[in-house]
Amino acid sequence: MSEVVNVQLISALSKAETAAIEAEIAHLPNRESAAISALRIVQERRGWISDESLHAIAHLLGMSAHALDSIATFYNLIYRRPVGRHVLMLCDSVSCYVMGYAGIREALIEKLGIHEGETTADGRFTYLPNVCLGACDRAPVLMIDEDLIGNVAPEGLDEVLARYE
Amino acid sequence: MNKPLTERIDAAEGSGGRVSLDAYERADGYSAARAAITSMTPEEVQGVVKDANLRGRGGAGFPTGVKWSFVPMGDAAGPGHKYLVCNADEMEPGTFKDRYLMENDPHLLIEGMLIGAYAIQADRGYIFIRGEYHDAARRLEQAIAEARAKGYVGDQVFGSSFSVELAVHRSGGRYICGEETALLNALEGKRAEPRTKPPFPPVSGAWGRPTIVNNVETLCNVPAILRNGAAWYHALGVGEDAGTKVFGVSGRVRNPGLWELPMGTPIRELLEVHAGGMQDGFELRGILPGGASTDFLTAEHLDLPMDYGPIQAAGSRLGTGTMIVIDDSVCIVDLSRNLQHFFAQESCGFCTPCREGLPWIEQLLADIEEGRGQPGDLELLEKNAEFIGAPGNTFCLHATGAMEPMNSALKYFRAEFEAHIEQGGCPLRHGKAG
């Protein structure tokens, strides 16, 4: 990341993004406390946090981009690389492990042709591992975008994936 | 009323179990908060919750009313805000109870927070919710807006002189946020690294101010306790602990799910009556009684009541009360590797024994599972588990929790670890599990 801050890039946040971040700041004792919320707000609209977005958010919050990056890279739901149109998270925690996670993982890798942390060549899916998604009575579980999908079986994966273009 | 947490959800079955504000209020909703805030002192509210012996439902089991009483009151608190933070960062593997409560009856949590905030005189409340709980977060935001419109949240709630603002904070991820001081750092917009203690949050928490962190289910118990009294709450439990609990079972049982049942319900009743017993062709080998960071129990423990004391006396913890059933198709060594992979990945990386030790344990388990185990590896595993798990070597109990299922796996399933080393790999790999 460049130490020199590009002034044009700092103004890159939209009015809506700035307003949403300011609304978060309003109920916090200081601007820096909105760091994680601000990253989420921008990511919701742009899919990920580019270096340009990072600098712009840091400027708005009055903190250094390096400090903000150390926060952004700590949290697994903040993406510092581009993701596909849909983010698929497969639970790899204990209940799903017991209920057949390994078979789902194998089938996913075969169908998507990618491993964890990768994006399909057509930009359709990014596949990420995730910890327990809190639906253990329906294990194995995966989440695509904001949809929680339970009782997943390898033979049912095609039908699930087909819902996401 | 014998199901203070889920009775309204059951009644709302026709609307998918989702309790609207109207339905909530028709069933006495917000009457407890109104009565507490308009006609009781904060100390009286604390006293009722203390007498009820409500204990934290997030895993630690600390008495809620006692925790509240640690908050400095009046001038002793000094100038500035006080905070009540609801820990809705449900990420303990195998745990799925808080999401159920928040999605289906969000006003119950809001009312619990109002009473809790009044009891400690907090003027700010946050619900810290994990980032993947989209539906629950939206439901809570909507519920807060509805409650504010009615004058239950904000300035002078219920027409009293007490004011409190509530907001939902959506997390950026990471299991360690469930540790209460890591959660407070995350709430402050920082990396979620646990803080050294003391000071404890009731004295110096969010932004250095007095703060109470309570689990979702804990706060959801509070309205019924205030409405019906401590004696009523005690009588709900069938064992030594008071009240009810949302218990859960996952794994290869016929009917996995959640049920609100009396504290002290025996493990066997949960497994055999509510979860319907094991699926055909599978036998029970063990359970993790309250999430991934609780010690294994086995078939010999099934008659224990799900109360804090008896489960602890058996060498484990009640934890979140949502148990994971381990069947005979599961290799305990590979399962342990799965568990330690989780803990190694989710270490915040601040303290050396946790950051360096947990990946080392995971690697040793991978070696044993894949046929690279050596004589002496189990002794090495035990020695390091002892060092990594010892409280006091790290700021928080993440590594300690990680070693609970590790040590107990070695205790109950040692022969299976030994067989891996002797046979140069996993005896089950081409067996039942396929």
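I began with a single bridge and noted that Ile287(B) has Val325(B) as its bridge partner in strand 8 of chain B. The model I am reading is a predicted one, and I keep that in mind for every entry below.

**Sheet in chain B**

I then looked up the pairing around that bridge, and found that strand 7 of chain B and strand 8 (residues 322-327) of chain B run antiparallel and are joined by four bridges. Both strands belong to an open sheet of four strands in chain B, whose order is 6-5-8-7 and whose pairing is mixed. Strand 6 (257-262) and strand 7 (284-288) of chain B are the edge strands, each pairing on one side only. I also noted the turn between neighbouring strands of this sheet, which is 30° on average when direction is ignored.

**Strand 2 of chain B**

Next I asked myself whether strand 2 (residues 124-129) of chain B is buried or exposed. Six of its six residues are buried, so I recorded strand 2 of chain B as largely enclosed by the rest of the structure. In a regular strand the side chains alternate between the two faces of the sheet. I therefore checked the two sides separately, and both are covered, with Arg124(B), Tyr126(B) and Phe128(B) buried on one side and Gly125(B), Ile127(B) and Ile129(B) buried on the other.

For the partners of this strand, I found that strand 1 (residues 83-88) of chain B runs parallel to strand 2 of chain B and is joined to it by six bridges, with Val85(B) standing opposite Tyr126(B). Strand 2 of chain B also pairs in the parallel sense with strand 3 of chain B, over six bridges, and here Ile127(B) stands opposite Val168(B).

**Two helices of chain B**

I looked up how helix 7 (residues 106-120) and helix 10 (residues 216-228) of chain B pack, and the angle is about 75° with the axes 7 Å apart. As angles of 65 to 115 degrees count as roughly perpendicular, I entered helix 7 and helix 10 of chain B as roughly perpendicular to each other. Among the residues making the contact are Leu108(B), Leu109(B) and Met113(B) of helix 7 of chain B, and Val216(B), Leu219(B) and Pro223(B) of helix 10 of chain B. By class, this contact has ten nonpolar, two polar and one charged residues.

**Domains of chain B**

I noted the division of chain B into domain 1 (7-236), domain 2 (244-327) and domain 3 (332-423). The centres of domain 1 and domain 3 of chain B, taken over C-alpha atoms, are separated by 35 Å, and their contact takes eleven residues from domain 1 and seven residues from domain 3. On the side of domain 1 of chain B that touches domain 3 of chain B, I recorded six nonpolar, one polar and four charged residues.

**Contact between the chains**

How many residues does each chain bring to the contact? I found 40 residues from chain B and 31 residues from chain A. Strand 3 (165-170), strand 5 (244-251), strand 6, strand 8 and helix 14 (332-346) of chain B each supply at least two residues of the side that touches chain A, and helix 14 of chain B gives the most, with five residues. I divided the residues of this side of chain B into 17 nonpolar, twelve polar and eleven charged.

**A loop residue of chain A**

Last, I located Arg81(A) in the loop between helix 5 (65-72) and strand 1 (86-91) of chain A. Arg81(A) counts as exposed because it has 10 C-beta neighbours inside 10 Å. From C-alpha to C-alpha, Arg81(A) and Gly100(A) are 30 Å apart in space, while being 19 residues apart in sequence.

How values were computed. Residues are numbered from 1 along each chain as its sequence is written. Chains are lettered from A and ligands numbered from 1 in the order in which they are written. This is a predicted model: local features need pLDDT of at least 70, side-chain atom pairs count only at pLDDT 80 or more; totals for chains, interfaces and linings use all residues. Two strands pair if DSSP finds at least two bridges between them. Axes are lines fitted to C-alpha atoms, for helices over the stretch in contact, and angles run from 0 to 180 degrees between N-to-C directions. Domain bounds come from an automatic or database domain assignment. Two residues are in contact if their C-beta atoms, placed from the backbone, lie within 7 Å. Ala, Val, Leu, Ile, Met, Phe, Trp, Tyr, Cys and Pro count as nonpolar, Asp, Glu, Lys and Arg as charged, and the others, Gly among them, as polar. Angles under 35 degrees count as roughly parallel, over 145 as roughly antiparallel, 65 to 115 as roughly perpendicular and the rest as oblique. A residue is buried if 20 or more other C-beta atoms lie within 10 Å of its own, exposed if 12 or fewer, and partly exposed in between; C-beta atoms are placed from the backbone.
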